[in-house]
Protein chains: 4
Amino acid sequence: MDSEVVFIGLGNMGLPMALNLVRSGLGVSGHDLMPASVEKFVAGGGTNNPDLVSAIKAAKTIITMLPASRHVESAYFGDHGILAQASPGALLIDCSTIAPESARKVAATASQKGFTMVDAPVSGGTGGAAAGTLTFMVGGSVAGFDLAKPFFEIMGKAIFHAGESGSGQTVKMCNNMLLGILMIGTSEAIRLGMANGMDPKVLSEVMSKSSGRNWTLEVYNPCPGVMENAPASKDYSGGFGVDLMLKDLGQATENALSTSSSIPLGSLARNLYDIHSKSGAGGLDFSSIFNMLGKAK
Amino acid sequence: MDSEVVFIGLGNMGLPMALNLVRSGLGVSGHDLMPASVEKFVAGGGTNNPDLVSAIKAAKTIITMLPASRHVESAYFGDHGILAQASPGALLIDCSTIAPESARKVAATASQKGFTMVDAPVSGGTGGAAAGTLTFMVGGSVAGFDLAKPFFEIMGKAIFHAGESGSGQTVKMCNNMLLGILMIGTSEAIRLGMANGMDPKVLSEVMSKSSGRNWTLEVYNPCPGVMENAPASKDYSGGFGVDLMLKDLGQATENALSTSSSIPLGSLARNLYDIHSKSGAGGLDFSSIFNMLGKAK
Amino acid sequence: MDSEVVFIGLGNMGLPMALNLVRSGLGVSGHDLMPASVEKFVAGGGTNNPDLVSAIKAAKTIITMLPASRHVESAYFGDHGILAQASPGALLIDCSTIAPESARKVAATASQKGFTMVDAPVSGGTGGAAAGTLTFMVGGSVAGFDLAKPFFEIMGKAIFHAGESGSGQTVKMCNNMLLGILMIGTSEAIRLGMANGMDPKVLSEVMSKSSGRNWTLEVYNPCPGVMENAPASKDYSGGFGVDLMLKDLGQATENALSTSSSIPLGSLARNLYDIHSKSGAGGLDFSSIFNMLGKAK
Amino acid sequence: MDSEVVFIGLGNMGLPMALNLVRSGLGVSGHDLMPASVEKFVAGGGTNNPDLVSAIKAAKTIITMLPASRHVESAYFGDHGILAQASPGALLIDCSTIAPESARKVAATASQKGFTMVDAPVSGGTGGAAAGTLTFMVGGSVAGFDLAKPFFEIMGKAIFHAGESGSGQTVKMCNNMLLGILMIGTSEAIRLGMANGMDPKVLSEVMSKSSGRNWTLEVYNPCPGVMENAPASKDYSGGFGVDLMLKDLGQATENALSTSSSIPLGSLARNLYDIHSKSGAGGLDFSSIFNMLGKAK
């Protein structure tokens with residue numbers, strides 16, 4: 001019996017996302033280059049059609065969750081690619097985080113071939129993927145958004161229609177660049193206050209109610225001890241890693257070059273996370289940039 | 001008849017603040033080096049004891065609202081200064097925005113002389129001063145805070161006790177440095193999105209609900225047309241001027257030097273506002289930094 | 001009669017370079033997509049074989065001078081490309097300024113096909129191209145460098161062997177990034193001195209003999225009036241344009257992303273030139289960044 | 001018998017400077033708050049008049065070499081200060097590195113009292129102080145410069161007259177800010193080249209002959225192994241320490257605030273050295289910033 005959904009890319013994010021689709025009752029054929037990932041998917045209740053091409057041909061919906069632009073382009077283009085093999089009318093959903101230019105290119109070709117396609121990068125990390133509480137930022141037509149929305153509602157909680165194809169990627173890119181800046185700016189402000197004898201908790205509370213208010217102050221404080229459940233209070237473990245932030249800021253920088261945009265703070269943030277990563281902190285949560293601004297112990 | 005309150009500094013902020021105290025029924029003697037300011041205060045119902053020293057001697061509460069550290073130190077220190085002339089037990093409230101070091105110095109001397117003193121810089125601008133909706137960030141003892149609070153409740157809405165003497169200044173300095181960073185970061189993110197074809201309004205909405213959320217996105221969007229009432233939609237008039245932000249970032253920079261703090265984004269923000277000001281934008285609202293990141297028309 | 005040399009790309013730089021080869025007595029067939037450029041080349045004494053492919057087949061040496069990586073890759077690769085058509089043993093010289101990665105890729109394929117190839121980007125501007133005083137930074141084998149050197153000696157004055165294929169591009173990229181930084185740093189230092197009442201000429205002279213010494217201080221002072229012949233003293237006309245520096249810094253930034261390098265000052269320089277360009281200064285000499293740091297008149 | 005010269009401040013720099021004056025045959029009375037420093041000076045052949053005030057009264061020339069603006073102001077001002085005690089006609093030479101504003105203030109008062117005074121900060125480090133090869137950057141009248149020059153010729157090699165009072169400090173401040181920028185820019189360029197496979201030695205040589213040329217490339221290469229005698233090749237020992245550079249950049253930053261100057265690269269450099277210092281590198285040579293841009297081992 002054919003699966004309604006083909007899910008390609010069963011990594012740290014893709015596997016729990018695909019399993020949530022399975023648990024909701026959908027027939028999902030999961031695919032990955034790593035056999036171990038496929039095994040985990042099958043162990044979790046999913047199926048795997050060993051013949052990917054025939055699985056693609058048979059699917060009504062194809063979801064991809066891949067590491068970077070080149071993997072997505074390689075999956076969609078070419079003689080054996082999704083755009084060459086999928087059935088007319090199939091819905092194509094790319095949840096990978098890739099360059100907006102790349103998303104626009106794939107979507108344009110899909111559209112020429114008559115497919116409905118949306119780009120739908122996520123945020124929320126592996127925790128959100130497992131819990132089904134991801135945020136989806138979606139680019140594509142209103143019709144495409146409406147068709148894809150039921151899937152997002154299974155895998156996530158907040159779902160935004162950002163505009164035309166590529167807009168999902170653009171929003172995520174802009175948001176994450178801004179997030180990287182917020183985290184360093186907040187760290188600088190708290191460090192400066194502490195250097196003047198302030199209690200970081202009181203300082204954070206007052207700024208949270210003032211014009212310095214931002215997401216990192218409110219839910220992700222970078223100073224150890226201020227928020228019990230923030231990565232900062234757990235030796236900067238868990239959360240969103242420095243190297244992931246660095247990758248996102250790299251993508252924003254690349255995009256700024258190709259669109260002739262000025263991003264002075266974004267560029268500096270990218271370089272600061274890069275220096276931080278090179279010091280050995282690449283695997284820590286990105287709020288550990290707070291450490292770089294203080295004395296080494 | 002003696003006034004209960006002496007208010008020194010009737011500038012753009014001090015005048016409406018002092019008048020709010022008058023309207024609440026307090027007896028207030030207002031003082032300023034500029035006779036025109038004193039005249040306005042008297043025209044608004046206030047009184048003026050031409051002999052400042054005897055006014056200070058007679059007052060139960062002395063409030064200062066002066067431009068910079070040197071004016072505050074000059075008002076409090078010296079043979080004719082407040083600390084030399086005020087009656088034992090007088091409550092001293094400095095609402096000026098000055099360096100934390102300076103606030104700590106004045107408060108320490110006040111304390112040695114037996115006075116209760118708080119530093120209480122405000123935010124909210126001239127609009128908030130007139131409407132009595134200022135935010136007060138207060139440094140000093142709990143007892144001092146409790147004594148001064150009734151006055152803040154007349155002039156403002158949000159009142160925070162930030163900690164020991166100088167903490168009011170520290171919180172304001174940290175908050176405003178962070179605000180300056182948030183504004184540039186948000187401007188960069190919106191510009192980058194627009195360069196990729198995004199609608200700035202949709203982009204702002206989605207980021208406001210995501211991890212890029214911050215005060216400037218929510219209530220003070222720098223892109224013209226996104227928020228009807230933001231300065232950006234009124235040719236960057238009103239609001240908080242570029243040169244005021246520049247002054248606050250200068251103070252944060254100076255403090256970072258004296259406390260050996262690292263503020264890479266804060267320093268860059270100060271230099272960007274400085275370049276922006278030099279281009280002729282010093283009198284515009286600080287959200288006009290959005291313009292610097294786009295093509296001149 | 002066949003030309004010994006095929007020269008592809010007769011733009012602002014390529015045309016005078018190719019004409020210098022002609023004047024030295026070499027038989028040169030010049031090619032460009034713009035007929036007007038070819039006409040100028042022929043008017044200057046050059047020849048043009050209307051059949052580019054047969055010209056390539058017949059040439060002993062092929063020199064390319066094209067705008068960007070994609071043009072170079074397109075000229076060398078493909079069924080009608082240089083690598084497919086050139087005679088065995090032909091010497092290939094690419095004088096374009098392109099990404100080191102791209103240069104390495106073209107050179108690797110050339111090498112597999114048995115060609116000797118060097119990448120040899122130049123500096124010295126259109127003036128140096130006309131006068132035959134360009135600097136060549138050359139990547140490739142020692143043997144390749146020795147073969148290509150006689151051509152460089154006709155077109156230029158300083159010729160450096162930088163290392164293996166791609167090294168010419170790498171050296172130019174690194175040098176120009178550093179140059180962009182030197183110019184802003186020098187401008188900041190002179191502005192700071194002037195703000196303290198210093199004569200910029202005296203300040204420049206002393207720093208030129210001290211540890212602040214650098215190429216921009218010595219031969220290209222950004223302050224008007226300090227050096228009679230510098231672009232700064234000619235309303236920032238001539239020289240090396242802001243947008244060309246911006247392009248080079250963009251290339252360095254892109255390379256830093258792909259090689260995981262930290263370039264905090266280089267990235268900031270790129271953004272400052274971008275802001276400067278957006279203000280309308282893109283066509284001025286890059287030393288006009290000095291203006292951005294001072295008050296608009 | 002009275003000494004012709006009083007030398008105040010026998011620290012790491014002052015002691016060898018004063019001893020060079022002694023060796024030249026001058027009668028020098030040396031003074032310092034630390035008795036151990038005075039003992040070393042006397043052991044080296046100098047004298048010490050235990051009564052500083054009478055020594056000052058008797059001296060024809062008074063030289064100061066103190067740590068910071070406040071020490072200099074304290075030495076010159078006040079009832080027991082140099083300006084109150086020195087004989088009419090005494091020549092005053094301040095070799096300390098202090099804020100230009102402070103130098104201008106002391107010199108203005110000295111001038112009002114009829115003294116000839118020059119500010120003459122040095123560069124060249126403790127090695128240059130011992131060898132008598134310091135560079136002097138001198139502010140003051142031409143007459144004052146001519147009077148002081150013979151002393152500088154004993155203690156140093158390169159002597160520059162920078163302009164009016166304070167100019168010596170301004171030149172040093174600007175030069176050292178630029179030096180701090182050159183070092184980071186050069187480190188970024190070499191790191192970027194190495195990430196592309198370049199030999200740092202070849203890259204440095206070519207850039208030294210190109211427009212990237214600067215003092216750090218030519219005589220102080222930050223990459224270990226490129227120059228045998230540079231601090232980089234000696235585990236970044238000796239030379240000019242990170243914390244000294246940080247202090248100089250702090251002074252430039254402070255001056256930029258008081259003169260409303262834009263120093264975007266200078267400010268970023270200050271923050272990068274600060275971060276580097278906090279990581280534990282404060283005592284290393286400032287070229288060790290090269291390490292911060294590479295992977296920790």
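This text goes through a predicted model, from the relations between its chains to an annotated stretch of chain A and two helix pairs.

The chains come first. Two copies of a chain are related by a rotation about an axis and a shift along it. For chains A and B, a turn of 180° with a shift of 0.0 Å along the axis lays chain A on chain B, with an RMSD of 0.1 Å. That is the relation of a two-fold axis. In chain A, the C-alpha nearest this axis belongs to N214(A), which lies 1.9 Å from it. Of the interface residues of chain A, 100% are also interface residues in chain B, so the two copies meet through the same surface.

Chains C and D can be treated in turn. Chain C is superposed on chain D by a rotation of 180° with 0.0 Å of shift along its axis, and the RMSD is 0.0 Å. The residue of chain C that comes closest to the rotation axis is N214(C), with its C-alpha at 1.9 Å. Here 100% of the contact residues of chain C recur in chain D, and the same surface serves both copies.

Within chain A, UniProt, in an unreviewed entry, places the feature "domain: 6-phosphogluconate dehydrogenase NADP-binding" at residues 5-163. Over residues 5-163, chain A is 45% helix and 23% strand. The C-alpha atoms at the two ends of this stretch are 25 Å apart.

Helix α9 can be followed in two chains. In chain D, α9 (residues 167-195) packs against α13 (residues 264-281) at an angle of about 70°, and the axes are 9 Å apart. An angle from 65 to 115 degrees counts as roughly perpendicular, and α9(D) and α13(D) are therefore roughly perpendicular to each other. The crossing of α9(D) past α13(D) is left-handed. On the α9(D) side the contact is made by M177(D), G180(D), I181(D), M183(D) and I184(D), and on the α13(D) side by L265(D), G266(D), A269(D), L272(D) and Y273(D). Of these contact residues 8 are nonpolar, 2 are polar and none is charged.

In chain B, α9 (residues 167-195) packs against α10 (residues 200-208) at an angle of about 130°, with the axes 9 Å apart. The helices α9(B) and α10(B) are therefore oblique to each other, and their crossing is right-handed. From α9(B), the residues A189(B), I190(B), G193(B) and M194(B) meet P200(B), L203(B), S204(B) and M207(B) of α10(B). The contact of α9(B) with α10(B) comprises 6 nonpolar residues, 2 polar and no charged.

Note on methods
Residues numbered from 1 in each chain as written. Chains lettered and ligands numbered in written order. Predicted model: local features only at pLDDT ≥ 70, side-chain atom pairs only at ≥ 80, totals over all residues. Heavy atoms only, no water. Least-squares fit on C-alpha atoms with pLDDT ≥ 70 in both. Contact = heavy atoms within 4.5 Å. Axes fitted to C-alpha atoms, helices over the stretch in contact; angles between N-to-C directions. Helix = DSSP H or I, 4+ residues; strand = E, 2+ residues; numbered from the N terminus. Parallel < 35°, antiparallel > 145°, perpendicular 65-115°, else oblique. Left-handed = near helix turned anticlockwise from the far one by under 90°. Nonpolar A, V, L, I, M, F, W, Y, C, P; charged D, E, K, R; others polar. UniProt positions renumbered as here; feature names shortened; annotations may be inferred.
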